[in-house]
Amino acid sequence: MNRTAFFFVLPAIMLLIDWYVWQAVKTLSRSTTENTQRIIAIAYWGFTGLSLLIYVAMQYLPPDSFGKNTRTFLWATIAIPYFSKIFAVLILFIDDIGRFFRWVVSLFYKPEVRETVVDPTRQTIPPTDAISRSDFLMKTALVVGAVPLVGFSWGILSGAHDYRIRRVKLPLKNLPSGFHGMTIAQLSDIHSGSFFNRTAVRGGVDMLLREKPDVVFFTGDLVNSHADEVNEFITIFDKVKAPLGVYSTLGNHDYGKYVQWPSAQAERQNVLNVIAAHKQMGWNILLDEHRMLEQNGDQLALIGVQNLGFGPAALRAGNLAKAYQGTADAPVKLLLSHDPTHWDAQVRPQYPDIDVQFSGHTHGAQFGVDLGDVRWSPAQYFYKQWAGLYQEGNQRLYVNRGFGYIGYPGRVGILPEITIFELTKA
């Protein structure tokens, strides 16, 4: 479908959804006064008109007519209500199917006539019914539609920057005594191009700094696509410091593969600019290389690879063999690798002496349930390891839920994460 056709199809779908949901709103508002009905109609269709106006403006006005945050919220203003209405449409469709079958049955059978009931005093008592099935489904449809509307709106207002500290102990069999008790802070998936609240982002960084970690890991996706997205946040993230340093690597979004570039050279320069931003913040970016961390006379190997994903259409840019070279004698090896699919695909079968892989990438889908042992997210249908700690034999993988967000500018249930690890000798 070309762009012109899509321009007309989407508004037509929006109007159809609105008309369908309006049937329920109109029916249930009949019990109110005419003035109230008029207000409801104006508010309902006024929002539809506003949504269509926003859609047209976003299509025809130059991209720089709106700021980044304005564009994000304008799209959210359209997408969230219509996403919610789809749930209402599904319930209403059930009602319409029931109506259809009742109509078919009425063609062959006469409806039963209910008689009035007469009490001993000869007073006529009209038949009384509970709420009709049709009214019940209409009300259910509106409630079902309201739940995601409220939930996803709250996810933007509160969940987007409701940073949580998660504490994880990592007992390692061969950990040198000099590293016993060492703390590691992990950030992942900052996605600076999505941020709309600079103050809240600074608050998240302050939370990390209050933990006073010995070393900090960042496991990729500093930007959504363009390197300049991080520019206004460099003075925030350059405050992230640790005695043993801050180490980082690239994620799939850092390569700018999801936008069209005027040339291959421009695309490559964008990646170089992302790398330069890491260095400007004082972060030691590991591009298929390793560093030996030293503490109390002992050493362990820290390995960092560029993105290595093994899912459908995943980006593979890294070289673990190159990064691993020279670390064989290290008693403990820690790996920074953005995509958790790398663990099962290559790390476990080929590098059994890599003790822990630190990853991100999934965001936990930014939606789900994450309460103690009760965890569910759509991410689990796409990733075997999607959030938290996983172990196979003596090897471990930790998947960080992400510090930022992309697409939907919020989080529901799966909140942004700062992970604090404590290394202990098993």
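The following questions and answers concern aromatic pairs and nonpolar cores in a predicted model. Local features need pLDDT of at least 70 and side-chain atom pairs count only at pLDDT 80 or more, while totals for chains, interfaces and linings use all residues. Residues are numbered from 1 along each chain as its sequence is written, and side-chain values use heavy atoms, with hydrogens and water left out.

Me: How many helices and strands does the protein have?
Reply: Helices (H or I, at least four residues) and strands (E, at least two) are DSSP runs, numbered from the N terminus. The secondary structure comes to nine helices and 16 strands.

Me: Is Trp 22 buried or exposed?
Reply: Buried means under 20% relative accessible area, exposed over 50%, and partly exposed in between (1.4 Å probe, protein chains only). Trp 22 has a relative accessible area of 12%, so Trp 22 is buried.

Me: How many aromatic pairs are there?
Reply: Rings of Phe, Tyr and Trp (its six-membered ring) pair if their centres lie within 6.5 Å; planes under 30 degrees apart count as stacked, over 60 as edge-to-face and the rest as tilted. By this rule the count is 20 aromatic pairs.

Me: Which kind of pair do Trp 22 and Trp 45 form?
Reply: The ring centres of Trp 22 and Trp 45 are 6.1 Å apart. Trp 22 belongs to helix H1 (residues 3–28) and Trp 45 to helix H2 (residues 34–60). Because their planes stand at 65 degrees, the pair is edge-to-face.

Me: How many residues apart are Phe 217 and Phe 358?
Reply: The rings of Phe 217 and Phe 358 have centres 5.1 Å apart and planes at 70 degrees, so this pair is edge-to-face. Both residues are buried. Phe 217 is in strand E5 (residues 215–219) and Phe 358 in strand E11 (residues 356–359), and the two are 141 residues apart.

Me: Which element supplies the largest share of the largest nonpolar core?
Reply: A nonpolar core is a set of buried Ala, Val, Leu, Ile, Met, Phe, Trp, Tyr and Cys residues joined through side-chain atoms within 4.5 Å. The largest has 36 residues; among those touching the most other members are Ile 190, Val 201 and Trp 283. Strand E4 (183–187), helix H5 (198–210) and helix H7 (264–280) are among the elements that each supply at least two residues. The largest share, four residues, comes from H7.

Me: How many residues are in the second, separate core?
Reply: This core includes Ile 184, Leu 244, Val 356 and Phe 421. Its membership comes to 23 residues.
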